[in-house]
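The following exercises concern side-chain pairing and solvent accessibility. Each task is followed by a solution that proceeds step by step.

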Amino acid sequence: MIIAHNCIRPGAYRGFEAVMDRLHHDMPGTRVASTSLADFDADLRTILREDVESVTLLPYLLLNGQHSKADIPAIVAAAQKDFPQIPITLLPPLGEWAEFPDMVAKQVCKVNGEVVPQNSCYERRASGLEPRASSLAPQASNLFAIEMNLEGRNVLVVGGGHIALRKVKTLLPTGARITVVAPVIDPDLKNLVAESSSDVSNQTPITLLERPYETLDLRGVSLVFICTDQPVVNAQVSNDARARRILVNNACDYLDGDFIVPARMDFGKNITVTVSTQGKSPSLAKKLKQKIQTDWANDLEQLENEFLNSKKH
């Protein structure tokens, strides 16, 4: 189902109808429907009452604003609650798609009689050399790198899978008060909680809430880590947290979060090295971390020992 603005002007939906026709042609056997923002709630529920296995929603919107961030996710969350047996997938708005900037740039260049540079992201994708916009393109970052003291602060992790497990492991040494909420929690995460609770030196055990996320889970929370694969839930948590001015890290969509967590390495007693790719390439950050650990470990520890010994003298 494609969600678009409502317009009564004749011919306004010409491009939209072309997209619908293409989907009908390319997805035989799949029902393709459209709705307006005004009719979305009623139309979605009508489809959910029919014999469908799942529903995928595309906001046909260019800006990721009030409609796509709040209005649509709220309607989807309410419908999913009433029809829990039917999976609903909410896609990012059209303007957030990785291919969209190149499509616009190509058309503008065409209208102006200019040739798209051969090294552009569009040309590389068209040749099959690069399926998506390069995440390694140099650009200025607006991220401010800090180290935050979380000791005694309440931190919420929404999600109970392997990503949540990794986040909890990262948070444990900080002394934060960690709460994990999810309908299903991975056994490895439960085992970690059990081990943490049995450790007499650990004064801040982890709390597990094996149920769906609720807005009240944000009471007294300083940071939120979103670790689910459910776009509707992620959008709800993000919106709820922002309304309360709580910083959010979205493991599934770094653009939606307020901060990212760099890969961290500790050497010796006092040296910490972090690696970041601005959230765009976790796999590259992992490779860089492995290389630094392999090539730098001995040198950094030796440097620290020499420095400490020089201070003693």
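## Exercise 1: A pair within one helix

Asp26 has a relative accessibility of 43% and therefore counts as partly exposed. The model is a predicted one.

Task. Determine which residue the side chain of Asp26 meets in a salt bridge, and state how the two are placed in helix H1.

Solution.
1. The side chain of Asp26 meets that of Arg22 in a salt bridge, with an N to O distance of 2.6 Å.
2. The distance satisfies the criterion, because a salt bridge requires a side-chain nitrogen of Lys or Arg within 4 Å of a carboxyl oxygen of Asp or Glu.
3. Both residues belong to helix H1 (residues 14–26); they are four residues apart, so about one helical turn separates them.
4. Arg22 has a relative accessibility of 55% and is classed as exposed, whereas Asp26, at 43%, is partly exposed.

## Exercise 2: A pair between loops

Task. Locate the two partners of the salt bridge between Arg31 and Glu50, and classify the accessibility of Arg31 and of Glu50.

Solution.
1. The N to O distance between the side chains of Arg31 and Glu50 is 2.3 Å.
2. This pair links distant parts of the chain, its members being 19 residues apart: Arg31 lies in the loop between H1 and strand E2 (34–36), and Glu50 in the loop between helix H2 (40–48) and strand E3 (55–59).
3. Arg31 has a relative accessible area of 52% and is exposed, because the exposed class begins over 50%.
4. Glu50, with a relative accessible area of 34%, is partly exposed.

## Exercise 3: A pair with a buried partner

Task. For the salt bridge between Arg211 and Asp217, is Asp217 buried or exposed?

Solution.
1. The side chains of Arg211 and Asp217 meet at 2.6 Å, N to O.
2. Asp217 has a relative accessible area of 11% and is buried, because buried means under 20%.
3. Arg211, at 24% relative accessibility, is partly exposed.

## Exercise 4: Searches of the whole structure

Task. State how many salt bridges and how many disulfides a search of the whole structure finds, and classify Cys109 and Cys227.

Solution.
1. The search for salt bridges returns eight.
2. Asp41, Arg45 and Asp82 are joined in a network of salt bridges.
3. The search for disulfides returns zero.
4. Cys109 is buried at a relative accessible area of 17%, and Cys227 is buried at 8% relative accessibility.

Technical notes: Residues numbered from 1 in each chain as written. Predicted model: local features only at pLDDT ≥ 70, side-chain atom pairs only at ≥ 80, totals over all residues. Heavy atoms only, no water. Disulfide = S-S within 2.5 Å. Buried < 20%, exposed > 50% of the residue type's maximum accessible area, 1.4 Å probe, protein only.
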